[in-house]
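Trainee: I am new to this structure, and I would like to go through it with you step by step. Could you show it to me before I begin asking?

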Amino acid sequence: PTIPQIPPNILSALRSLSVNHGNNDDSDNVRSHLSLVILGHVDAGKSTLTGRLLLSLNHVTRRQYQKHQKSSAQIGKPSFALAWFADEDETERERGVTIDVATKRVRTRRFDFTVLDAPGHRDFVPNMISGTASADCGMLVVAATTGEFEAGFADGKGGGGGGGDGDLGSCGQTREHVVLSRGLGVTQFVVAVNKLDAAEPPWCQNRFEHIRTKVLNFLKDSGYRERNVTFVPVSGLTGVNVNREEEEDGGGREGEGGGGGGWKALRKWYNGPTLVEALDGFTPAKREFEKPLRVILTDVSAEGKNVSLRGRVAQGFVRVGDIVVVLPVGDEATVARVERGKASNEGASPYSYSPAAPATASPSPSTPARSVDDIPELQNCALAGDIVEMGMSGIDPARLSPGCVLCHPHPSLRPKVKRKFEARVLVMERLAVPIIRGSQVLLHMHSIDVPAVLSRLVSSERRGDANPRQNPRVLSGGMTAAVEITLSERVVIEESSECKALGRFVLRRGGDTVAVGLIDKYLVARKIDE
Ligand code: GDP
């Protein structure tokens, strides 16, 4: 097979969306796409804040909100009305927690966000990993209320909390989420310091500054740069400092700043960005459609001869008629149908492509393209960043599974398929049981988890060490190390500089994260970094 070229008309259409090349163009007529993962400890207010963003940016109506308020009051949980916009699944509503990674579309002035609301429960960390692995940026939600921030941000060290009984023991999820995001390549964050309406006293500047300092130090220790992190005081429940000043619902405690008057209380000491402004301040991500194709499958289904695959285009470009190979199995197939996915709040089904969707009214020469969906040449195609459903012909669905990767058949354009590889890992700070040669772990990468053994410890070092230690016997918390990993089956991998999603992973043991890892040609000491 020859190396595919993007047809010139399509290439020029793509280039017309100038921000898709990562330009910092904030002219009003083009929006860049960003995947935003929402992270934070359980009950920090992630779903409520997501619902508030949807309401405040007119993705849901006041009327719908009032309906939710009524029915949530009926079941005695009035404060869940906003969260319901984020957690649409019925079982989630009943439990009041977010189980799976839900996707929503949110439009700000500069960006078209796919919002991934990741679950905060410890049991759901694998889902959070798959969400984070596909994110360009993150919103970390921390609750500012007394005790709640402390619980969510606990470092698991001593203090009667039983911190030593597991690898991350009684740690709050906030820290684990930060380390995982860094390991999985999310480089920019907005930190929403939430529930300030219910702080003691409400909208307390000292409380905000205290939390800011603590979280910022931790982010910096985890490898984040200060300039890539913005802190915003908010209340998702009341809407204060989310977007518009006229928006404020009752909530929080009565008194200064609670139950109304929050904006006024906040304005006394804060004149920084609203949450929406902070989101608009992200740096656009590059849609890497000119790189070799990688579609990571999340779902395979078949009805008779119709094989249908769902997945995410990690990079490259695919269209109807293309011949692709599915790895690790190596079978070839022809792409018979391509539909770009919609988030669950656009269109009838997440995967129904409707060219005349209201948000993307049909373009005329006088209305410049607002997003990829407006470009007729791009129908029947999907490109880097898209969630996609594809009909395939000439392939046996029984041989395919989630985690398989579609790519172009040309040998020079394929990722590697391996059972054993070398990688650089950063061991979590608080590790109850050290890692030794032969330690068994579960390797999580995009949507898969595979049993693995650390079959060789090549070298290790601690921050500040002059030289790495060769062939160490153990790896303990906080070390970086080069290791050899042997998996129970072959998987598709690639150097992270070639494809982030296939080159970054997380190692877990007994339900706790023990390390984040990176596949890197040059095993650069100490740097889990681009
Ligand atoms: P999640 O688990 O992080 O998604 O948290 P939820 O959005 O489900 O919120 C957990 C609880 O905190 C619910 O009872 C919310 O009503 C409440 N909550 C969320 N945001 C705020 C806020 O800004 N202020 C106050 N006072 N309560 C909030």
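Mentor: What follows is a set of questions and answers on the ligand site, two strands with their partners, and one helix.

Mentor: Please keep in mind that this is a predicted model, in which local features need pLDDT of at least 70 and side-chain atom pairs count only at pLDDT 80 or more, while totals for chains, interfaces and linings use all residues. Residues are numbered from 1 along each chain as its sequence is written, and side-chain values use heavy atoms, with hydrogens and water left out.

Trainee: Which helix gives the most residues to the shell around the ligand?

Mentor: A residue is near the ligand if one of its heavy atoms lies within 4 Å of it, and of the 17 residues around the ligand, Asp43, Lys46, Ser47, Thr48 and Asp197 come nearest. Helices are DSSP runs of H or I with at least four residues, strands are runs of E with at least two, and both are numbered from the N terminus. With three residues in the shell, the helix that gives the most is H2, residues 46–56.

Trainee: How much of the ligand's area does the protein bury?

Mentor: Consider the polar contacts, meaning pairs of N or O atoms within 3.5 Å: a polar side-chain atom of Thr48 lies 2.6 Å from an oxygen atom of the ligand, and a polar backbone atom of Ser47 is 2.9 Å from a ligand oxygen. A backbone N or O atom of Leu237 also lies 3.1 Å from an oxygen atom of the ligand. Taken alone, the ligand exposes 590 Å² (Shrake-Rupley method, 1.4 Å probe), and the part of this that the protein buries is 89%.

Trainee: Why is strand S5 described as largely enclosed by the rest of the structure?

Mentor: A residue is buried if its relative accessible area is under 20%, taken with a 1.4 Å probe and protein chains only. On one side of S5, Gln188, Val190, Ala192 and Asn194 are buried, and on the other side so are Phe189, Val191 and Val193. S5 (residues 188–194) is therefore largely enclosed, the number of its seven residues that are buried being seven.

Trainee: Which residue of S6 is the bridge partner of Val193?

Mentor: Two strands pair if DSSP finds at least two bridges between them, and S5 pairs in the parallel sense with S4 (residues 137–143) over seven bridges, where Val193 is the partner of Val142. S5 is also joined in parallel to S6 (residues 229–233) by five bridges. In S6, the bridge partner of Val193 is Pro233.

Trainee: Which residue in the turn between S17 and S18 has a positive phi?

Mentor: S17 (residues 440–445) and S18 pair in the antiparallel sense over six bridges, with Met445 standing opposite Ile448. The two strands form a hairpin with two residues between them, and the turn residue with a positive phi, of about 30 degrees, is His446.

Trainee: Which residue of S21 stands opposite Ala452?

Mentor: Ten of the 14 residues of S18 (residues 448–461) are buried, so S18 is largely enclosed by the rest of the structure. S18 pairs in the antiparallel sense with S21 (residues 480–493) over eight bridges. The residue of S21 opposite Ala452 is Leu487.

Trainee: Which residue with a positive phi follows helix H8?

Mentor: H8 (residues 173–183) is mostly covered, since eleven of its eleven residues are buried, including Arg175, Glu176 and Arg182. The residue that follows H8 with a positive phi, near 95 degrees, is Gly185.

How values were computed: A polar contact is a pair of N or O atoms within 3.5 Å; within protein, one must be able to donate a hydrogen and the other to accept it, and residues adjacent in sequence count only if both atoms are side-chain atoms. Buried means under 20% relative accessible area, exposed over 50%, partly exposed in between (1.4 Å probe, protein chains only).
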